[in-house]
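Colleague: I should like to learn how features of a protein model are read from its coordinates. May we take them one at a time?

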Amino acid sequence: MVSEIEKIRNFCIIAHIDHGKSTIADRMMEITGTVSKREMKSQLLDSMELEREKGITIKLAPVTMKWKGYTLNLIDTPGHVDFSYEVSRAIASCEGALLLVDASQGVESQTLSNMYLAMEQDLEIVPVINKIDLPAADIPSVKHQIDHDLGLDPESAALVSAKNGIGIDDLMEAIVTRIPCPTTVNDGKVRALIFDCHYDPYRGVVVHIRMKDGTIKTGDTIRFMASGMEYKVEKAGIFRIKLEETGVLTAGDVGYIIAGVKTVSDVKVGDTITLSDNPAEEPLPGFKEVKPVVFSSIYPIDSNDYEELKDSMEKLTLNDASLVYEKDSSIALGHGFRCGFLGLLHMEII
């Protein structure tokens with residue numbers, strides 16, 4: 001009897017900017033029937049207006065797909081260096097990574113740096129050569145770079161064209177055969193890693209979790225290990241294109257919980273969730289603290305709006321855990337915040 005967890009594959013797609021991560025995610029959702037032809041639009045997981053306007057992925061986006069009896073949890077990640085913290089959090093939630101290389105451009109800087117992030121977490125890396133249909137595609141040269149620059153086996157690389165849907169079936173096979181299933185500790189304790197959050201004005205904080213051990217279901221009382229706060233789970237479920245309530249999440253699952261959390265500071269990305277009546281002794285290793293490199297201050301135009309700005313900043317850090325800010329004041333501008341960003345693009349997006 002094959003256990004449920006052996007049929008789960010958690011993986012992310014990592015690459016340099018513009019090497020086709022979001023397009024390959026689109027094809028996978030099509031082939032697995034996660035999204036109907038009618039609902040399909042390009043870069044479907046890039047749901048923010050800013051992402052569509054600029055044509056880049058800014059936030060990691062999880063989606064659960066079913067394929068030949070397997071549950072595939074995909075996390076689509078950004079490619080730009082300013083959003084590398086999003087990538088590192090996606091990687092911590094997975095057992096494997098598809099490393100995309102553009103057949104016409106070859107291995108580039110973020111290809112290398114994202115691969116090192118994946119290797120630090122001991123992920124199984126599957127090289128994928130994308131855009132093989134382009135006239136400028138040079139597959140032998142790219143294979144040489146995969147061998148020489150990345151140290152991966154070039155012959156094991158999947159050859160695909162995400163735009164035309166070539167080779168996607170073989171890539172799906174490679175995912176289920178080469179990426180390992182999640183491992184779990186059967187000690188009766190619940191451990192779940194918070195890898196992302198977003199704020200919903202009606203339901204409070206929606207917490208995105210990767211279940212490491214145990215089961216969380218609707219009605220359970222959970223504890224956030226960093227803040228020690230306890231909440232009752234109101235809803236639990238998985239990410240299809242929208243949130244799909246299942247009522248229960250077990251070891252290996254990637255999903256969300258809603259527990260009526262209105263105090264934003266109670267939730268911290270990288271924290272561990274456990275059950276309050278049988279808590280885990282040790283939290284899971286979280287994420288490294290980010291070091292901002294670009295600084296800028298934000299002040300309200302009207303000083304009466306300071307409290308509102310403060311609330312908004314708190315909610316924004318839920319959406320983007322790499323934003324760092326502290327209180328600031330100036331004689332000319334009054335009270336505001338000094339913010340730290342990971343780069344100029346990151347600052348522009350915020």
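Colleague: To begin with charge pairing, which side chain meets lysine 68 in a salt bridge?

Modeller: Please bear in mind that this is a predicted model. As a general idea, side chains of opposite charge can pair when their charged atoms come close. In this structure, the side chain of lysine 68 forms a salt bridge with that of glutamate 173, at 3.2 Å from N to O. The two partners belong to distant parts of the chain, 105 residues apart: lysine 68 is in the loop between β2 (61–67) and β3 (70–76), and glutamate 173 is in helix α6 (residues 168–178).

Colleague: Are lysine 68 and glutamate 173 buried or exposed?

Modeller: The class follows from the relative accessible area: under 20% is buried, over 50% is exposed, and values in between are partly exposed. Lysine 68 counts as exposed because its relative accessibility is 59%. Glutamate 173, at 32%, counts as partly exposed.

Colleague: How many salt bridges does the structure hold?

Modeller: There are eight salt bridges. One of them joins the side chains of lysine 189 and glutamate 281, with an N to O distance of 3.5 Å. This pair also links distant parts of the chain, 92 residues apart, with lysine 189 in the loop between α6 and β7 (191–200) and glutamate 281 in the loop between β16 (272–275) and β17 (294–298). Lysine 189 is buried, since its relative accessible area is 16%, whereas glutamate 281 is exposed at 58%.

Colleague: Which lysine meets aspartate 220 in a salt bridge?

Modeller: The partner is lysine 217, and the N to O distance is 3.5 Å. Aspartate 220 is buried, with a relative accessible area of 13%. Lysine 217 is partly exposed at 44%.

Colleague: Let us turn to charges of like sign. Which residues gather in a patch of negative charge on the surface?

Modeller: The patch consists of Asp302, Asp305, Glu307, Glu308 and Asp311. A residue needs over 30% relative accessible area and no salt bridge to be part of a patch. Glutamate 307 illustrates the accessibility condition: its relative accessible area is 47%, so it is classed as partly exposed. Glutamate 307 is in helix α7, which covers residues 306–319.

Colleague: How many disulfides does the count give?

Modeller: The test is whether two cysteine sulfur atoms lie within 2.5 Å of each other. By that rule there are zero disulfides. As for accessibility, cysteine 12 is buried, at 0%, and cysteine 181 is partly exposed, at 25%.

Colleague: Sequence separation and spatial distance are two further readings. How far apart in space are histidine 198 and valine 264, C-alpha to C-alpha?

Modeller: Their C-alpha atoms are 9.9 Å apart, while the two residues are 66 residues apart in sequence. Histidine 198 belongs to strand β7. With a relative accessible area of 24%, histidine 198 is partly exposed.

Colleague: Where does valine 248 lie, and how far is it from lysine 235 in space?

Modeller: Valine 248 is in strand β14, residues 248–250. Its C-alpha is 8.5 Å from that of lysine 235, and 13 residues separate the two in sequence. Valine 248 is partly exposed because its relative accessible area, 35%, falls between the two cut-offs.

Terms used. Residues are numbered from 1 along each chain as its sequence is written. This is a predicted model: local features need pLDDT of at least 70, side-chain atom pairs count only at pLDDT 80 or more; totals for chains, interfaces and linings use all residues. Side-chain values use heavy atoms; hydrogens and water are left out. Patches are made of residues with over 30% relative accessible area and no salt bridge: like charges are joined within 9 Å, nonpolar side chains (Val, Leu, Ile, Met, Phe, Trp, Tyr) within 5 Å. Accessible areas come from the Shrake-Rupley method with a 1.4 Å probe; for residues, only the protein chains shown count as cover. A salt bridge is a side-chain nitrogen of Lys or Arg within 4 Å of a carboxyl oxygen of Asp or Glu. Lys and Arg count as positive and Asp and Glu as negative; His and the chain ends are not counted. The place of a charge is taken as NZ of Lys, CZ of Arg, CG of Asp or CD of Glu. Helices (H or I, at least four residues) and strands (E, at least two) are DSSP runs, numbered from the N terminus. Buried means under 20% relative accessible area, exposed over 50%, partly exposed in between (1.4 Å probe, protein chains only).
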